[in-house]
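Please look over the model shown here before reading the exchange.

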Amino acid sequence: MKRAALHSLGCKVNSYETEAMQQMLEQAGYEIVPFHEKADLYVINTCSVTNVADRKSRQMIHRARRQNPDAIVAAAGCYVQTAAAQAQEDGAADIVIGNNCKQDLLELIAECEAQRQQAEGRTQEGRPGAGVSEIIDINRPGQPYEELKVSHPADHTRAFLKIQDGCNQFCSYCIIPYVRGRIRSRKPEDVVAETEELVKNGFQEIVLTGIHLSSYGRDLGCTLLDIIRRLHGIPGVRRIRLGSLEPGIITEEFVKELAGLKKVCPHFHLSLQSGSDTVLKRMNRKYTAEEYLEKCGILRKYYEHPAITTDVIVGFPGETEAEFSETCEFVKKAAFYEIHVFKYSRRNGTAAAKMPDQIPESVKGERSHILMGIAEQLKTDFVRWYRGKTVEVLFEEPVWLNGKQYYEGFTPEYVKTWYPSEESLGNRIMKVEFFGDLV
């Protein structure tokens, strides 16, 4: 039996696509092994959100080649989409698969194997055959949604479900619209069918994800709320969790309707990026800090204690001390549950890369440290609210402390808690008293 190893870099969408490719390989008879082991086939689903991501993608492709010089190495995804020529000239990858073509993986492997057989005996080194490439113009109008499917995700309790691809926002720091293309939505009937299969396989929590999830349905004449309603009606679905949303989708009408759908988790990741209006304008974000705060207020109007999480970029070109201070004060006022802090990474091909007043790495590091300190305190304050309360928990796996077994799980707000139990609680939803810390 041939052995295959896969590695995913970057976002949850990439993780979903990697799982879909893994299942394609399993159905084709491959044994899946850890990436560090010797395999006949390596698949790296690359990322290109920053220059660092590009570098890590190249490193993983070369690592696969070193582990088995005779293996077929397939590089897929965002890095090779934006640097196809470089990936091919580099020579470490036999197969280069751009976005919207991952469904062709098995066909491309077969083509590569055929070329190797034809070329056998004609190469000086041990790896015969020519590279196989498949890169389409992702920005060409009318690109269809690439139909990938996952029926048994690696996570044993929650299933990520990709329903959307592409982005039309063109934030000045972001390369994603160029490597993922324009917005494309998965047909509602296909989303429903995969959800029903996931439920049959025991998954109780469905996490909807996409590159720009808020735009779901615009190209199909429906909305994100429409598909949430349909999934809400599927027996066996206990929780629906939403991936990252744009603040613009948070309206009184949207949240009022959502709050009436009790399976939807009160956990909202709203991208912020900066709490300074001047920085937001340079970023080409479509809201002000005050408008963002109003969105938080709407969520808190309809939910008792919603978990609002966000992303913040520090050290964006031209960010002054005063602008950074505005961000620090804003996140305190917004009272986030969690903040993912990123140091701005100059990304070639974006408008921000050409902006003057690029911030030194040392300053970015200092600001990141300050903001992460604020984020840590905000998280402590948010979690403290649950002390002494009964919470609903989806339990995942056991952990041990001082010889005693606990089960670890998450509330609908995605707050981690534990419960002592000798019996298995994995993939069970129970109401228990909140237990905030094992240490």
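A student and a tutor discuss a helix, a residue and a pocket.

This is a predicted model, in which local features need pLDDT of at least 70, side-chain atom pairs count only at pLDDT 80 or more, and totals for chains, interfaces and linings use all residues. Residues are numbered from 1 along each chain as its sequence is written, and side-chain values use heavy atoms, with hydrogens and water left out.

Student: How far does helix 13 reach from its first C-alpha to its last?
Tutor: Helix 13, a DSSP run of H or I with at least four residues, covers residues 361–384 and has 24 residues. The expected span, 1.5 Å times one less than the number of residues, is 34 Å, and the helix comes close to that with a reach of 35 Å.

Student: Is Thr309 buried or exposed?
Tutor: Thr309 is found in strand 12, a strand being a DSSP run of E with at least two residues. Buried means under 20% relative accessible area, exposed over 50% and partly exposed in between, with a 1.4 Å probe and protein chains only. Because its relative accessible area is 3%, Thr309 is buried.

Student: Which strand gives the most to the lining of the second largest pocket?
Tutor: A pocket is an open set of points on a 1 Å grid over the protein atoms alone, with protein on both sides within 12 Å along at least five of seven lines, and lining residues have an atom within 4 Å of a point. Here the lining has 25 residues, and helix 9 and strand 14 each supply at least two of them. The one that gives the most, with 3 residues, is strand 14.

Key
1 Å grid on protein atoms, 1.4 Å probe; cavity = no way out; pocket = protein on both sides within 12 Å on 5 of 7 lines; lining within 4 Å.
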